[in-house]
Amino acid sequence: MDWSCLGHAMWLVEAAGLRILCDPLLGPEHHSGVFQTVPRRRVRASALRPDFILVSHRHPDHFDVPSLHQLALLDPDSVVVTPDPLVVWAARALGFRTVHPLPPGQRVELDGVRLVTTPSLGVDEWGVMIAAEGAVGWNHVDAVLRGPDHMKDVKDRALAGVEQSRVDLAVVRWQPMLEIAAVLGRRTGFPYATYGDLLAQAAAVEAVAVVPGANGAAHVPAFGWMDRFVFPVPEARFLRDLARVCPDATGLPLRVGGRYRVAPGQVELDPAGAAALIELEDEGAMPGVEPALGDVPRSVSWSEGAGGTESVPRDRLRRYRPLVMPVLRDPNLGGHDQARMRTRVHAWIRQTLADALARAWPGMKISQPLRFVVEVVFPRAHDAFTLHVGPNGTRVSAHYDDDWDLLNVVAGSMLWEVIEARRHWGDVLLAGALRAATRAYAVDEHGLRRADVAEIFLYYGLPYDEAVEAAVRTEVRSLVGS
């Protein structure tokens with residue numbers, strides 16, 4: 001059984017004559033241009049020829065609509081399998097003839113291959129264990145579990161499902177990312193407990209070989225400063241730590257263009273075994289990703305030697321330096337007209353957001369009015385609104401109230417794109433282009449009580465899941481022409 005790493009979380013598994021493609025991401029960028037693969041590469045889609053396409057969940061680095069569209073055009077008879085109803089809808093709309101919704105904890109018998117979907121605490125999300133020819137590979141993808149005991153229980157159940165006793169190759173979660181903590185003003189110091197738990201979970205698999213999965217991306221230059229918070233652990237450090245917590249396992253790097261040959265009790269890495277499936281972009285396409293902050297060297301030139309497939313090491317672009325957050329700026333990646341955007345955004349704040357906060361205020365469990373301040377940063381304008389929300393509804397004024405209870409700051413062009421269903425909140429948040437802080441509370445002789453209100457209060461005007469579904473539907477329809 002061969003597992004070929006094609007970048008980020010994309011794998012092609014070849015087993016018993018079947019070709020199983022996991023989380024296809026064919027181009028060098030995703031999240032509507034917020035992230036780029038490292039190294040930047042394109043996948044030769046016509047060479048993949050998948051019998052099955054597995055999409056683990058709806059996050060855009062795993063569920064890339066343009067990639068699915070390209071694969072549907074090449075072969076609409078590839079079978080798509082996913083736990084997520086939004087992915088089911090999109091795959092069918094893009095032209096795949098056979099799409100199977102499959103929840104976690106299910107076993108699938110193929111011709112010579114057994115497959116079990118493994119659970120996650122996340123909604124509509126799974127990992128996948130694949131067994132063939134006596135060998136077992138387990139791709140955790142982004143699945144979240146409660147700890148090492150939960151990991152061991154999930155592993156044992158899945159192994160029973162594929163009728164095997166040991167995992168040979170485990171592709172594991174390993175990076176304790178801090179991007180959400182950063183934009184919400186929380187602690188961005190090294191996450192000892194979280195990282196220790198991830199190491200313990202990896203050790204609990206007791207695999208023959210372990211590969212650090214996913215996290216094969218960096219922000220594009222416009223948002224490169226965010227990489228200071230996203231990647232606290234370099235891959236080499238993780239592999240070194242892994243060797244200490246589970247010395248019986250072999251730690252292997254995530255090698256883009258590499259092929260992992262999985263046999264019972266043995267995993268071998270051919271660093272260039274799948275190089276024919278990808279096309280690396282020039283080093284010049286991989287600029288330093290922190291153009292606004294000059295204290296990190298920009299040089300990214302590096303070579304692995306003869307036969308290597310990586311032109312730039314991931315960790316040269318992703319240095320953990322969580323002490324500086326630059327002022328938010330709007331890059332306006334789409335080059336949209338500022339006047340048009342401002343008119344639409346102002347109306348949305350004054351009407352849609354104001355009405356939604358008024359409806360939500362009774363559930364915030366506070367008797368006094370709250371002041372919600374929105375700062376909207378456009379390329380050549382900086383707007384501020386204070387929304388006074390209380391029992392009599394919402395009053396909006398066009399100024400910044402320093403005595404705010406909740407503060408949201410957002411890039412105007414990206415907010416406009418969310419409102420217009422051209423992208424969704426996840427893109428804005430992970431780009432560092434949406435930031436939030438709260439000090440909403442009531443205080444009396446009994447002490448201080450925090451208000452029950454979301455820090456990112458823009459979501460009241462357009463809930464996160466609704467924004468995701470609207471953006472996906474817009475993208476699908478634009479690709480299929482309906």
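**Loops, a mixed sheet and a hairpin**

Val 141 sits in the loop that links strand 13 (135-139) with helix 3 (148-162). The structure here is a predicted model, and this loop is a handy place to start looking around. The backbone at Val 141 does something a bit unusual to look at: phi is positive, about 55 degrees, even though Val 141 is not a glycine. Is Val 141 buried or exposed? Its relative accessible area comes out at 9%, so Val 141 is buried, the cut-off for that label being under 20%.

Asp 124 makes a nice companion case. Here too phi is positive, at about 50 degrees, and the residue is again not a glycine. Asp 124 belongs to the loop between strand 11 (113-118) and strand 12 (127-132). With a relative accessible area of 29%, Asp 124 counts as partly exposed, because that label covers values between the 20% and 50% limits.

Another loop has a backbone feature of its own. Between strand 5 (35-37) and strand 6 (41-43) lies Pro 39. The peptide bond joining Val 38 to Pro 39 is cis, with omega at about 0 degrees.

Now for the sheet. Eight strands line up in an open sheet, and reading across it gives the order 9-8-7-3-2-1-18-19, with mixed pairing. Strand 9 and strand 19 (266-270) are the edge strands, each of them pairing on one side only. Ignoring direction, neighbouring strands in this sheet are turned against each other by 20 degrees on average. As a reminder, the strands of a sheet pair through backbone hydrogen bonds, and they can do so either parallel or antiparallel.

One end of that order can be followed strand by strand. Strand 7 (residues 52-54) runs parallel to strand 8, and three bridges join the two. Within this pairing, Leu 54 faces Val 81 of strand 8. Moving on, strand 8 (residues 79-82) is joined to strand 9 (residues 98-101) by four bridges, and this pair is parallel as well. Val 79 is the residue standing opposite Thr 98 in strand 9. How does the chain get from strand 8 to strand 9, and what is the hand of the crossover? The path goes through helix 2 (residues 85-94), and the resulting β-α-β crossover is right-handed.

Further along the chain there is an antiparallel pairing to compare. Strand 26 (residues 441-444) pairs with strand 27 (residues 447-450) in the antiparallel sense, over four bridges. Together, strand 26 and strand 27 make a hairpin, with two residues between them. Val 443 has Leu 448 in strand 27 as its bridge partner. These two residues also turn up on the surface: along with Tyr 441, Val 443 and Leu 448 form a nonpolar patch with about 300 Å² of accessible area together. Tyr 441 itself is located in strand 26. Its relative accessibility is 36%, so Tyr 441 counts as partly exposed.

Just where does the chain go after the hairpin? The loop between strand 27 and helix 12 (458-461) holds Val 453. Val 453 has a relative accessible area of 10%, which means that it is buried. Finally, Val 453 can be placed relative to Lys 152: the two are 301 residues apart in sequence, and their C-alpha atoms are 37 Å apart in space.

Methods
Residues numbered from 1 in each chain as written. Predicted model: local features only at pLDDT ≥ 70, side-chain atom pairs only at ≥ 80, totals over all residues. Heavy atoms only, no water. Pairing = 2+ DSSP bridges. Right-handed = clockwise from strand over helix to strand, strands pointing away. Patch = residues over 30% accessible without salt bridge, like charges linked within 9 Å, V, L, I, M, F, W, Y side chains within 5 Å. Areas by Shrake-Rupley, 256 points an atom, 1.4 Å probe, with all protein chains shown as cover. Salt bridge = Lys/Arg side-chain N within 4 Å of Asp/Glu carboxyl O. Buried < 20%, exposed > 50% of the residue type's maximum accessible area, 1.4 Å probe, protein only. Axes fitted to C-alpha atoms, helices over the stretch in contact; angles between N-to-C directions.
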